[in-house]
Amino acid sequence: MNRQQLIEQIKLKKSFLCVGLDPDMEKIPDFLKQYPDPIFEFNKRIIDATKDLCVAYKPNSAFYESYGVKGLQSLIATWKYLPTDCLNIIDAKRGDIGNTSDKYARAFFDEATSGMSFDAITVTPYMGNDSVTPYLKYDGKWVIILALTSSVGSKDFQYLNTGDGYLYEAVIKKANTWAGADRIMYVVGATKSTEFTDIRKYAPANFLLVPGVGAQGGSLEDVCKYGITKDCGLLVNSSRGIIYASNGEDFADAARAEALKLQKEMQAELEKAGII
Ligand SMILES: O=c1ccn([C@@H]2O[C@H](COP(=O)(O)O)[C@@H](O)[C@H]2O)c(=O)[nH]1
């Protein structure tokens, strides 16, 4: 899905919600465990319940890799089931030397090799240009670079002063030289909403993938106040707040109710910004 298609979906669905698919066998409802692939069964029902309310899905690869081969099979089945009118993001946070990054890019972008071809991947920029460019060789795919994360530990490195601003600002400035806003997004945590004004100085047009609302306590209102652009420019993710709204037989309805609350708030923000 390209930038224009993403913007169209945001306007059509009046939403910039990204639903995080972070399935955990210890948290999914017991009755699903009778199915051959409980993780896929869980995801399928979450997707069916939320697909008209969101514009993106973000499976986090750790929640699949931790179950070995079975987990990867669940991830592939989930990828195949994701609706085509939603951007699908693999939250893999990879970063390595060029030839290794090339293999990671194949793993997540090349269906003929791995059985999966996500629209976008999260990448850690610490190893620099050669660790990121292999993903950019895939036409039409997005690279989502960790800039200022929602984690408490973001202060350890991301706020280091380079002499010309913070390290996370240097990351954005440098990555902007690798590709434009039609190929690169940045991860910025919702818990860092006061920094959004600053980030928009360096990334005025890029979409920002914003985790941290819901379970981590970030404020959607503040994210929009400082981060929304004329094209919206935001994909706000919630994982646990939606998918674990209930662990009973009503989990899909409960997930829908939480997604609907966020979609309504997003609609109001899009109206306030004059986007719809
Ligand atoms: O800075 C970051 C980068 C990634 N994440 C990921 O997003 C989701 C958030 O899950 P919640 O349950 O909504 O808190 C999860 O997959 C994280 O690994 C992040 O939280 N912060």
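1. Let's start with the ligand. Strand S8 (234–238) and helix H12 (240–243) each give at least two residues to the shell around the ligand. Keep in mind as you look that this is a predicted model. The shell has 19 residues, and those that come nearest to the ligand are Asn60, Thr149, Pro211, Ser239 and Arg240. Sorted by character, the shell residues comprise three nonpolar, 13 polar and three charged.

2. Now turn to the largest nonpolar core, which has 83 residues. Leu17, Ile144, Ile145 and Val236 are the ones that touch the most other members. Try picking out Val236 in the viewer: beyond its neighbours within four places in sequence, Val236 is in contact with Phe16, Leu17, Cys18, Ala190, Val210, Val213, Leu220 and Val223. Notice that Leu17 appears in that list too.

3. Next, have a look at some strand pairing. S3 and S4 run parallel and are joined by three bridges; in one of the pairings, Ile90 has Ile121 of S4 as its bridge partner. On to the next pair: S4 and strand S5 (residues 142–148) also run parallel, with four bridges joining them. Here Ala120 is partnered by Trp142 in S5.

4. Strand S4 (residues 120–123) is a nice place to practise reading side-chain directions. Ala120 and Thr122 point one way, while Ile121 and Val123 point the other way. Are these four residues buried or exposed? All of them are buried.

5. Lys93 deserves a visit of its own. The unreviewed UniProt entry lists Lys93 under "active site". Lys93 sits in strand S3 (residues 87–94). Why does Lys93 count as partly exposed? Because 16 other C-beta atoms lie within 10 Å of Lys93, and a residue is called buried at 20 or more and exposed at 12 or fewer. Leaving out residues up to four places away in sequence, Lys93 touches Thr122, Thr124 and Leu146.

6. Finally, compare your reading with Glu111, which lies in helix H6 (residues 111–114). Glu111 has 14 C-beta neighbours inside 10 Å, so Glu111 counts as partly exposed. Setting aside residues up to four places away in sequence, Glu111 touches Met116 and Ser117. What separates the C-alpha atoms of Glu111 and Ile76? The answer is 9.7 Å, although the two residues are 35 residues apart along the chain.

Definitions and conventions: Residues numbered from 1 in each chain as written. Predicted model: local features only at pLDDT ≥ 70, side-chain atom pairs only at ≥ 80, totals over all residues. Core = buried A, V, L, I, M, F, W, Y, C linked by C-beta atoms within 7 Å. Contact = placed C-beta atoms within 7 Å. UniProt positions renumbered as here; feature names shortened; annotations may be inferred. Near = placed C-beta within 6 Å. Nonpolar A, V, L, I, M, F, W, Y, C, P; charged D, E, K, R; others polar. Pairing = 2+ DSSP bridges.
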